[in-house]
Structures are given as structure tokens and as C-alpha cells.
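Here is a protein chain to look through with a student's question in mind: what makes each label the right one? Take a moment with the picture before reading on.

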Amino acid sequence: MSVLFSIIVFIFVLGLVIVIHELGHFIMAKRANILCHEFSLGMGPIVWSKRVNETLYCVRAIPIGGYVMMAGEEVEDEVVKVDKDVRLIFDDFNNVEKIILDVDDEKYDKYERVTVTHVDLKGENNEPLYINDYTVKRNAIYVFKNRELQIAPYERSFESKTKMERFLAIFAGPFMNFVLAVIIFTVVNLFIGFPEMDSTVLGNIGEDLPSYGILEEGDEIIAIEGTLVENWQDISDVLDNNIGNRSIEFEIVRGGNNETVSVTPILIFYSLGLRSAEDIVEELIIEDVNEDSIAYDAGFVGGDLILTINGIRVVSWQDMSNFVKENEYGELMTFTVLRDGNEETITVEPHDIEILEYSGVMPVENYIGISPEYNLNFFKSFTYSFTNTKNAAMMIFNTIGLLFSNENVGVGDLAGPVGIYSITSTALSGGIFTLLGWVGLLSVNLGVINLLPIPALDGGRLVFLGYEAITTRKPNKRIENTLHYAMYLMLLGLFVYITFNDILRLFNLK
């Protein structure tokens, strides 16, 4: 997969979840008749913009984030103040339609220059807007040095709306992310289907799997290692009880006949980043080691023959499996391996088991490559998409929990834009449904994170709105926005730190 194509997909994926989020804010704001100055995708300098009616639509240079600029959402000093000089442009009825703030701009020398003596550009209770004795149109334009901005009479501002209207304008952003996730998960479920867990009939078996050419699609498993199985849970339980066994016997029904076959599973030691050699059963020889694994960092190489663990001789894969499973707290393990006729000592710190379980894997698993039959069901595809969304949200809360409860997990392990690009590229290589599943997870992630009760996020704004609902008093806007701005700077610093760690991981410097 070309890097350019991966970058294009990354920008599209990130842009999609951000646009959907901001579109939620935008739709509910417009519905409440809130003036939206700008709808922006990305951050930084503008690379494209187009004004449609009162809103400027922008694409900015850095493809992260986005925002809808609503009138009255921030504390702003009055743009036009008493004793300030401005130039005024009038329409045919002598009403002010443009207010030039840079009075020294030569382009506007021909227009009247006035010193403001009295002014009201809010017009509460639909009072007329004016500068001195001139009537100002309610959709007049401020002309700054480098941009134009429509003025916002009080009735068009965010702060003038009811609590419910403001709640919907804030909450609609995260809500749209959940809607997008439900739609994506429905599509994925509809095409992939659902496993038939009450049956032991095998579904499709792909090439390059340990069971390929031995077990076949349509085979019905009746026993494993002499233990009868009646459903897929039974199959999982028996295989879990035989971890470490490099030759597993299956009794199957194929074409109406009973047969017995043996499969050589691959043992994957997730806590170590190791896996057994595919076809070597009797000796503890490991397969080629992934360069991104802790085993590679520790010094393991493909073909190493494991002799001892923590000074104790190991003679079978079952012995090694027992050592790994019993190391519950990720304590250092010392291996002696035979490499090119020489003994080498390697020390490795296993992955934390709590983190592995959170990721949905065990410290060691036997990989056979079998799966149940899958059936398509439109109604279940839709209803189960809500379960998918809930599970994705719980995954995020679990990650947040690990940050506070597990000393092996820190802020530096979180993924920023570079990390998201790397994950998107990996998901892309896994096929369209893997990519769609990642987009759904990313959308839920954006929705959940934005609902956290932290200033500068949607959840923080909802907290202040809740304060107003409980106390019947609006919070001090200056204090509220100071908190939003301070937290924004902190989040910006966190973003830089996470991105730095992403880059280190991307180039294997961490």
C-alpha cells in the first residue's frame, strides 16, 4: 500500500469524523437561528474558503480538528467602542451596511470617517442598532484588516437562546459521531454477518492457516482431544485447556463420515511478542521476531532454541506456556537460548497482563485458524451496531481507567494524529471492513472524549450549562472562557507531547 494512498485515506477518515461532529453543532445552531460565522475543517492557515450567505466555509492547512464559530459563544469586547474612529458604508436607504475598522486603509478613503459617540450593535429586545445617529442593518458587516465578519445582534447570539437550544447545539456534535458509528457498524455487520455460536460446523478457512488443508469448510467438530463439544464455546474452552499442546486431535464429521485429524497450532506468546516455529513441534524454536515487538528489542531472533527460563530447564511448549501464564505481574524473565551453537542470555519484561486482557488477548494462545459459520441478518446488523458502539465507548473508558490505575500505562502511550495515521494505514491493509471498523471506533472516540467534563471540550460547556440550569444563574462568562482558554492551552501542550511520542514510535525510536 503506497504511503501517498495511506495519507489520502487518513485525511479522508479524520476529515469525515470531524466534519460529522461539526455538522451536528452547525445544524442545531442554525435551527436555533444562531449566527455561525465560520465552519472550518482543520486548523492553521486557510487553504480554501468560500462564503455562502452569512457563513464562511474553510479548509485549513493542518488536517486535525475543526470548529463552528458561533456568535456570542465567547466573551468578546465590543468591536466598536465610544471614541473609536470607523468608516461607514451605507446602502441606498442610508443605513450602515459595512463598518470599516481599519480607517487608515487607503481602499476606503472615500467613505465617511466618524468618531463614535454612542453605539449599540446588540439591540436586545429587537431594539434598533445604531452608531451615533446612523441606523445599522442587523446583517451589517465588520471589515477588519484581513477578513470580514457579520455583526451579531443579540437575538442571533448563542447566549440569547434557551437552555435547551444551547444544549442541543453543544451535544449534537458528539451525538453525530455516535450516529456515524451506528451507521458504519451496521454496514460492517450486514456484510460480515454473525457467527453461529450454537453450532460446531466450520466456516471458511483461509490459506496460510495451521488448519488449512486439514480441516475444511462444512466440517462438523464433535470432539477435541477426546472431549465432546456441542457449541463454539465448548470448542474455545477445550482449546484453552490445551494451550501448549502442539498436536491437537479433532474428531469431525465430513460428508457423513467420521474422521480424526491432527492440527499443529502455532503458539503465540502475546506477553512476550514471540511465536513458535510453525512446523517444529518437539523443539522450542521460535519463529521470526517482529521488529515492533518487545522480544525483538530484548534481543530474540528467529530460530532461537529456548533452553531455560529463569534458570529452570524447559523441555516442552507446555512448560513455557506455564511460565508465561504464571507471570501475572509482568516480572522480568531471563531466557537462555541456543543460537548458532552458542548460548545467549536474554532478559525481557513481559507486557502487563491487565493491558493484554483489555486488548482482548491472553498472555499465550494457540492459533489454529478456525471459525464458525456466519449468517447474514439485517435486523440484527442494525440492533447489534448499538452494542458495537457501546463496546467501543467502554474501551475508551477502560483506557482512561488504565491511565490512573496501571503504572505501566501513561499519557505517552496515547495516540495522536501520527499514531492515528499509523493505525489507519494498518487497518487499510486489513481490508475495507477492517478500515470501516476503525472509522467507527475513531468516531466513538471523538464523541466520548468531547463529552468529558473538561473545559474547552463540549462536555465542559455542558457542565456550565448544567450549573445554569441548577442555580438559575448564568455563570460568569469571563471566568468560564478563561477556564476554557487555559484548558485549551494545556490540551494543546498534551497534543504536542503525544505527537512527539507518536513520531518516536513511528521510527522505532521508543
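The questions and answers below concern a predicted model, and they go through some of its labels one by one.

Q: What makes the contact between Glu54 and Lys30 a salt bridge?
A: The closest N and O atoms of Glu54 and Lys30 are 3.1 Å apart, and the rule asks for a side-chain nitrogen of Lys or Arg within 4 Å of a carboxyl oxygen of Asp or Glu, so the pair qualifies. By this rule the count comes to 15 salt bridges.

Q: How do you know that this pair links distant parts of the chain?
A: Glu54 lies in the loop between strand 1 (36–52) and strand 2 (55–70), while Lys30 belongs to helix 1 (residues 3–31), and the two are 24 residues apart.

Q: Why is Glu54 called buried, and why is Lys30 called partly exposed?
A: Glu54 has a relative accessible area of 14%, and because buried means under 20%, the word fits. Lys30 has a relative accessible area of 34%, and since partly exposed covers the values between under 20% and over 50%, this residue takes the middle label.

Q: What makes the meeting of Lys137 and Asp91 a salt bridge?
A: The side chains of Lys137 and Asp91 meet at 3.8 Å, N to O, and the cut-off is within 4 Å, so this pair also satisfies the rule. Here too distant parts of the chain are linked, with Lys137 in strand 8 (residues 134–143) and Asp91 in the loop between strand 3 (85–90) and strand 4 (96–100), 46 residues apart.

Q: Which label, buried or partly exposed, belongs to Lys137, and which to Asp91?
A: Lys137 is partly exposed, with a relative accessible area of 28%, whereas Asp91 counts as buried at 15% relative accessibility, because the buried class is set at under 20%.

Q: Why are Lys477 and Glu480 said to be separated by about one helical turn?
A: They are three residues apart in helix 11 (residues 477–506), which is why about one helical turn separates them. Lys477 and Glu480 form a salt bridge as well, their closest N and O atoms being 3.9 Å apart.

Q: What is the burial label of Glu480?
A: Glu480 counts as buried, because its relative accessibility is 6% and the cut-off for buried is under 20%.

Q: Why is Asp83 called exposed?
A: Asp83, in the loop between strand 2 and strand 3, has 64% relative accessibility, and exposed means over 50%, so the label follows. The phi of Asp83 is near 80°, a positive value in a residue other than glycine.

Q: How do you know that Thr472 is exposed?
A: Thr472 has a relative accessible area of 67%, and the limit is over 50%, so the residue belongs to the exposed class. Thr472 sits in the loop between helix 10 (458–471) and helix 11, and has a positive phi of about 65° although it is not a glycine.

Q: What makes strand 16 and strand 21 edge strands?
A: The open sheet has three strands in the order 16-15-21, with antiparallel pairing, and strand 16 (274–275) and strand 21 (364–367) each pair on one side only.

Q: How do you know that strand 15 and strand 21 pair?
A: Strand 15 (residues 266–269) and strand 21 share four bridges in the antiparallel sense, and at least two are needed, so they count as paired. In strand 21, Tyr367 is the bridge partner of Ile266.

Note on methods: Residues numbered from 1 in each chain as written. Predicted model: local features only at pLDDT ≥ 70, side-chain atom pairs only at ≥ 80, totals over all residues. Heavy atoms only, no water. Buried < 20%, exposed > 50% of the residue type's maximum accessible area, 1.4 Å probe, protein only.
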